[in-house]
Amino acid sequence: MSHVVKLPAVEDTRDFGRRLAGLLRAGDLVLLTGPLGAGKTALTQGIGAGLGVLGDITSPTFVIARVHRPDPARGGRVALVHADAYRLGDATDPRAEIDDLDLDASVDDSVTVVEWGEGLVEQLVDAHLRVRIDRRDDDTRIVELDPVGGDWARRLADLG
Ligand SMILES: Nc1ncnc2c1ncn2[C@@H]1O[C@H](COP(=O)(O)OP(=O)(O)OP(=O)(O)O)[C@@H](O)[C@H]1O
Ligand SMILES: [Mg+2]
């Protein structure tokens, strides 16, 4: 069963990310989907705030993956790896480019959040959380969470 939430403003999206972070632990993969400008990076900013990691979470222009280390002063315990595969859309072999990022080296010890990674990163771990964000005509966002394998369904139930 998927979990659907309405997010009227960008602050709501960040708050939701913060709540979602409460469910996350090392080894998790979160796959963010949805069109350009949907709010994937905004949600990741909330996740980063919830995890207590260092560094601004932005839309990378050249960097495809960035590691945000935990800030113990803010209760951070796990790193966030934020990847954005959008620019790989034109690559001849996007999968090879993803391999070059070495996400599998960090995935076990980090929370990995990937934008535009559908079809490219699912094999990194045997379960993941799919998060789809859509933009409505009135500019509100609808986020739909789909547990894919593992114990995600049970964990989502904790989100209330
Ligand atoms: N409810 C909302 N949730 C998220 N963003 C919103 C919302 N309402 C308005 N916005 C605006 O929409 C934009 C979302 O941008 P963001 O970079 O997070 O999208 P994205 O999905 O990461 O895009 P891209 O595919 O280009 O990476 C921001 O400018 C934000 O202020
Ligand atoms: Mg983005």
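## Burial and the metal site

Here, buried means under 20% relative accessible area. By that cut-off E115 counts as buried, because its relative accessibility is 3%. This is a predicted model, so every value below is computed from it.

E115 also has a partner at the magnesium ion (ligand 2): the protein donors are T41, through OG1, and E115, through OE, lying 2.1 Å from the ion. T41 sits in helix 2 (residues 40-51) and E115 in strand 5 (residues 110-115), so the pair ties together parts that are 74 residues apart in sequence. T41 counts as buried too, at 12% relative accessibility.

## Around R141

Let's turn to an arginine. R141 is found in strand 7 (residues 141-148), and with a relative accessible area of 14% R141 is buried.

What does the side chain of R141 reach at 2.8 Å? Its target is the backbone oxygen of A38. Leaving aside residues up to four places away in sequence, R141 touches V5, K6, L7, G37, A38, I133, D134 and R135.

## Aromatic rings

A pair of aromatic rings is described by the distance of the centres and the angle of the planes. The count here comes to 1 aromatic pair. Y86 and W116 form a tilted pair, with 5.0 Å from centre to centre and 55 degrees between the planes. Y86 belongs to the loop between strand 4 (79-84) and helix 3 (94-101), and W116 to the loop between strand 5 and strand 6 (128-135), so the pair ties together parts 30 residues apart in sequence.

Both partners are partly exposed: Y86 at 42% relative accessibility and W116 with a relative accessible area of 32%. Elsewhere, R155 lies over the face of W152, 3.9 Å from the ring centre.

Definitions and conventions. Residues numbered from 1 in each chain as written. Chains lettered and ligands numbered in written order. Predicted model: local features only at pLDDT ≥ 70, side-chain atom pairs only at ≥ 80, totals over all residues. Heavy atoms only, no water. Donors = N, O, S within 2.8 Å, 3.2 Å for Na, K, Ca; no water. Helix = DSSP H or I, 4+ residues; strand = E, 2+ residues; numbered from the N terminus. Buried < 20%, exposed > 50% of the residue type's maximum accessible area, 1.4 Å probe, protein only. Polar contact = N/O pair within 3.5 Å; in protein donor to acceptor, adjacent residues only side chain to side chain. Contact = heavy atoms within 4.5 Å. Phe/Tyr/Trp six-rings, centres within 6.5 Å; stacked < 30°, edge-to-face > 60°. Lys NZ or Arg CZ within 6 Å of the ring centre and 35° of its normal.
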